[in-house]
Amino acid sequence: QRLAAIARRLGLPVTQSLGSHYAELAQLRGLSRRSFDSAYVRGNVSDHRTVIAMVENESYRGGNYDIRAWARQTLPTLRVHLSLFESAERQYH
């Protein structure tokens, strides 16, 4: 919500659409509980690693002070989430 507010102030588009994730959602719906959990966790590990890299880059090299500040404030939470998903992922291997 904070990032969306910053984006709106800057005149940037903000979407709440799943976009290309509809196919992924459809695939998850067809899985058994254990398969769903495993795929969901695995996907979140990958997604969090990607997002952390992008947010880290923005926190150091971003051209907008408000976005850099948001990135710096958000990184610790993203890292905790990644750690939790990595811990959960170990249960499925």
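These legends go with three close-up views of a predicted model. Local features need pLDDT of at least 70 and side-chain atom pairs count only at pLDDT 80 or more, while totals for chains, interfaces and linings use all residues. Residues are numbered from 1 along each chain as its sequence is written, and side-chain values use heavy atoms, with hydrogens and water left out.

**View 1. The buried side of helix H1.** Look at H1, residues 2-9 (helices are DSSP runs of H or I, at least four residues, numbered from the N terminus). Here Ala4, Ile6 and Ala7 are buried (under 20% relative accessible area with a 1.4 Å probe, protein chains only; exposed is over 50%, partly exposed in between). They cover an arc of only 160° around the axis, so they sit on the same side of H1 (the arc uses directions from the helix axis to the C-beta atoms).

**View 2. H1 meets helix H4.** The axes, lines fitted to C-alpha atoms over the stretch in contact, come within 10 Å and cross at roughly 170°. That is why H1 and H4 count as roughly antiparallel (over 145 degrees, between N-to-C directions on a 0 to 180 scale). Among the residues in contact (heavy atoms within 4.5 Å) are Ile6 of H1 and Trp70 of H4.

**View 3. An aromatic cluster of Phe36, Tyr40 and Phe85.** Rings pair if their centres lie within 6.5 Å; planes under 30 degrees apart are stacked, over 60 edge-to-face, the rest tilted. Phe36 and Tyr40 are stacked, 5.8 Å centre to centre with 10° between the planes. Tyr40 is partly exposed, at 40% relative accessible area. The Tyr40 and Phe85 rings are 6.1 Å apart at their centres with planes at 65°, so this pair is edge-to-face.

Methods:
Helices (H or I, at least four residues) and strands (E, at least two) are DSSP runs, numbered from the N terminus. Angles under 35 degrees count as roughly parallel, over 145 as roughly antiparallel, 65 to 115 as roughly perpendicular and the rest as oblique. Rings of Phe, Tyr and Trp (its six-membered ring) pair if their centres lie within 6.5 Å; planes under 30 degrees apart count as stacked, over 60 as edge-to-face and the rest as tilted.
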